[in-house]
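Student: Could you take a close look at one part of this model for me? I'd like to hear about the salt bridges and how the residues in them sit relative to the surface.

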Amino acid sequence: MLTACRSPFKVRVGQQDMMLTAMAATHHLPRKTDARGTMNLTFRVAPVNSLFKTLSACGLLKLDRDMFADLDEQLLKVSQEQLTHAEAHALFNTVITRVASLLPQAPALDGRIRSVLSLLAHDPDRSLESLAREVGLSASRLSHLFTDTLGMSLRSYLTWRRVRVAWEHFISEERLSLTEIAHNAGFTDSSHFARTFHRFNGYTPSQARDVGFLRVVAR
């Protein structure tokens, strides 16, 4: 998270308040951010990204905003939606690669976990036992290996995938109700979906549809 305009935003972690212009934080770190009055940009790294495991070990990392000084013009343009989709993706990769370079490099992704991710991409309802048989491991061993390799449990990963599906529906299917989106993504009801969505994203489904609160530049 960083500001395109260099104005600081407020972050609260526990009882501590901080004024920052750039930071990195793990997806599971409880925090509250107040970025009113700033051009605040959030770069969310998906679990399928090769740098996710490296970045998931950062905790809360206060960053020097000057490390992105050469990107100021692009950051301002992306905040104003003036970059192409390809340019926005290139900017995203540049930013997260610089942040990852400050952290110890995570081990390469285990080939068996790569296979599991590929299987789940085609069939997200595959059982743990079925996945384990495909890669020649016990269900227990696969569960532990998945968490150790990716930095999140298989259960959390599958929940993230459902939230991701719902997010795509939010962007492309504005006519759908919250309940319809929840059911399409595999949630039992809209309340469960709303709680899970907030836990993963830090904002509610209704805020996700409020362009005054949030704009998606590229996905």
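Tutor: Let's fix the vocabulary first: buried means under 20% relative accessible area, exposed means over 50%, and partly exposed is what falls in between. Keep in mind that this is a predicted model.

With that cut-off, aspartate 17 comes out as partly exposed, because its relative accessibility is 36%. Its salt-bridge partner is lysine 10, with 4.0 Å between the closest N and O atoms. Lysine 10 lands in the partly exposed class too, at 35%.

That pair is one piece of a set, as the structure holds 10 salt bridges. Now look at aspartate 72, whose side chain meets that of arginine 6 at 3.2 Å, N to O. Aspartate 72 sits in helix α2 (residues 72–79) and arginine 6 in the loop between β1 (2–3) and β2 (9–13), so this contact ties together parts 66 residues apart in sequence. On the accessibility side, aspartate 72 is partly exposed at 24%, and arginine 6 is partly exposed at 31%.

Aspartate 72 also has a salt bridge with arginine 65, where the closest N and O atoms are 2.9 Å apart. Arginine 65 is buried, because its relative accessible area is just 3%, and that is under the 20% cut-off. Put the shared partners together and you get one network joining Arg6, Arg65, Asp66 and Asp72.

Definitions and conventions: Residues are numbered from 1 along each chain as its sequence is written. This is a predicted model: local features need pLDDT of at least 70, side-chain atom pairs count only at pLDDT 80 or more; totals for chains, interfaces and linings use all residues. Side-chain values use heavy atoms; hydrogens and water are left out. Helices (H or I, at least four residues) and strands (E, at least two) are DSSP runs, numbered from the N terminus. Buried means under 20% relative accessible area, exposed over 50%, partly exposed in between (1.4 Å probe, protein chains only).
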